[in-house]
Amino acid sequence: MKAVIITQPGPAEVLQIQEYTTPSPGAEEILIRVKAAGLNRADVSQRQGKYPAPKGTVQEIPGMEVAGIVEECGDQVTLWKKGDQVCALIAGGGYAEYVVVKEGQCLPVPVNFSFAQAASLPETVFTVWSNIFERGRLQAGETLLVHGGNSGIGITAIQLGKLFGAKVFVTVGSEEKGKLCTDLGADAFVNYKTEDFEQKLKEEGIDVILDMIGGDYFEKNINILQPEGRLVYINSVAGPQVPLDISKVMTKRLTVSGSTLRSREYSYKKALTAAIREKVWPLMDAGKFKPVIYKTFPLEQAAEAHRALEDGSHTGKIILVND
Ligand SMILES: NC(=O)c1ccc[n+]([C@@H]2O[C@H](COP(=O)([O-])OP(=O)(O)OC[C@H]3O[C@@H](n4cnc5c(N)ncnc54)[C@H](OP(=O)(O)O)[C@@H]3O)[C@@H](O)[C@H]2O)c1
């Protein structure tokens with residue numbers, strides 16, 4: 001099969017399309033003919049040699065989410081059959097013509113979604129469901145703040161937050177990106193380049209914050225959370241070391257948490273997939289969620305797609321397609 005290989009750690013041009021052995025499915029796995037693969041920030045870190053795939057995963061082919069057609073099923077597969085259209089969360093190997101994945105990490109391509117649209121979903125929907133709804137326990141009527149509202153994660157967090165009845169605020173780096181977020185349903189945005197989100201949101205009584213920034217956002221987050229608030233981390237691009245005023249955590253009875261999805265065990269991902277299928281997929285099938293695709297590139301142009309992601313001017317997801 002054709003696959004995009006990280007030939008050595010480095011800039012985008014180290015990604016090269018090469019011949020690679022087509023994988024065979026294990027007992028509980030399916031082989032997917034990949035029609036589309038989503039790009040994620042973590043793929044860039046993996047390419048740079050800073051974020052290896054978990055042990056047991058193909059290391060040299062990036063790609064953590066795909067959509068495609070089931071080509072072959074392992075002996076013990078019960079959920080899928082050859083020809084089914086699926087999308088899947090994977091730990092690596094998605095930038096290729098074929099990939100194997102455990103059957104419990106797959107979901108059907110939602111009704112009326114293209115493969116590119118379906119490939120844009122798994123990484124963000126799984127991360128948002130796990131961190132905002134399970135870990136953060138967001139309830140209808142509560143207020144959610146999402147940092148990086150125009151990121152892949154952000155556009156999913158806004159839409160699911162609204163669909164489940166929350167008031168949603170976001171931080172973004174420009175008015176234009178903010179407008180996209182309000183068009184998707186966000187109630188208001190703060191331009192972090194020109195405004196201080198703590199000052200702007202301190203009267204709002206925030207219940208749940210999803211943060212990928214860390215650094216000096218930590219104290220501001222703690223300050224604007226209302227009693228019983230939950231602060232959930234999925235990254236710390238501005239730095240992981242932060243000052244913590246324990247008295248604020250005690251007096252407001254706050255919960256500070258976080259998680260990483262990629263390295264979690266199969267049993268967890270399988271349970272998460274089942275919860276998402278039950279709670280989120282009916283909304284997808286009903287057309288209530290709008291996938292936001294910034295641009296698609298042919299698999300052969302993976303290096304160019306990475307450059308577009310690193311450029312940072314995108315809003316929404318970048319997808320590799322394989323026709
Ligand atoms: N823990 C997990 O399991 C997990 C899973 C998936 C993703 N993640 C993390 O989630 C983050 C988003 O991933 P993605 O692929 O969706 O990323 P992405 O599309 O590349 O977006 C990165 C975002 O960060 C925003 N940003 C940068 N500096 C900011 C600041 N000071 N204040 C507010 N926003 C700021 C950017 O906003 P502007 O463009 O407006 O500057 C952009 O929206 C990444 O850090 C990724 O590593 C974690």
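A polar contact here is a pair of N or O atoms within 3.5 Å. I kept that cut-off at hand while going through this predicted model.

**Entry 1: the ligand**

I started with Lys177, where an N or O atom of the side chain sits 2.7 Å from an oxygen atom of the ligand. His314 also offers a side-chain N or O atom, 3.4 Å from an oxygen atom of the ligand. For Gly148 I looked at the backbone instead: one of its N or O atoms is 3.5 Å from a nitrogen atom of the ligand. Then I listed the surroundings and found 22 residues around the ligand, with Arg41, Gly173, Lys177, Tyr192 and Tyr217 as the closest.

**Entry 2: helix H3 against helix H9**

How do the axes of H3 and H9 cross? I found H3 (residues 122-135) and H9 (residues 266-279) coming within 10 Å, with a crossing angle of roughly 85°. Angles of 65 to 115 degrees count as roughly perpendicular, so I noted H3 and H9 as roughly perpendicular to each other.

Next I wrote down who meets whom. From H3 come Val125, Phe126, Trp129, Ser130 and Glu134; from H9 come Tyr268, Lys269, Leu272, Thr273, Ala275, Ile276 and Lys279. Sorted by class, this contact of H3 with H9 holds seven nonpolar, two polar and three charged residues.

I also checked how covered H3 is, and 12 of its 14 residues turned out to be buried. Among them are Val125, Phe126, Trp129 and Ser130.

**Entry 3: Arg277**

Staying with H9, I picked Arg277, which is found in that helix. Its relative accessibility is 42%, so I logged Arg277 as partly exposed. Setting aside neighbours within four places in sequence, I saw Arg277 in contact with Trp80, Leu107, Pro108 and Pro282. Out of curiosity I took the C-alpha distance from Arg277 to Met212: 25 Å in space, for 65 residues in sequence.

**Entry 4: after H3, and on to Arg230**

Following H3 comes Arg137, and I noted its positive phi, near 50°. The backbone oxygen of Arg137 led me to Arg230, because a polar atom of that side chain lies 2.8 Å from it, a pair inside the 3.5 Å cut-off.

Is Arg230 buried or exposed? With 6% relative accessibility, Arg230 counts as buried. Arg230 belongs to strand S12 (residues 225-233). I found its side chain joined to that of Glu142 by a polar contact of 2.7 Å. Beyond residues up to four places away in sequence, Arg230 touches several others, including Gly136, Leu138, Asp207 and Thr255.

Technical notes:
Residues are numbered from 1 along each chain as its sequence is written. This is a predicted model: local features need pLDDT of at least 70, side-chain atom pairs count only at pLDDT 80 or more; totals for chains, interfaces and linings use all residues. Side-chain values use heavy atoms; hydrogens and water are left out. Axes are lines fitted to C-alpha atoms, for helices over the stretch in contact, and angles run from 0 to 180 degrees between N-to-C directions. Helices (H or I, at least four residues) and strands (E, at least two) are DSSP runs, numbered from the N terminus. Angles under 35 degrees count as roughly parallel, over 145 as roughly antiparallel, 65 to 115 as roughly perpendicular and the rest as oblique. Contact means heavy atoms within 4.5 Å. Ala, Val, Leu, Ile, Met, Phe, Trp, Tyr, Cys and Pro count as nonpolar, Asp, Glu, Lys and Arg as charged, and the others, Gly among them, as polar. Buried means under 20% relative accessible area, exposed over 50%, partly exposed in between (1.4 Å probe, protein chains only). A residue is near a molecule or strand if one of its heavy atoms lies within 4 Å of it. A polar contact is a pair of N or O atoms within 3.5 Å; within protein, one must be able to donate a hydrogen and the other to accept it, and residues adjacent in sequence count only if both atoms are side-chain atoms.
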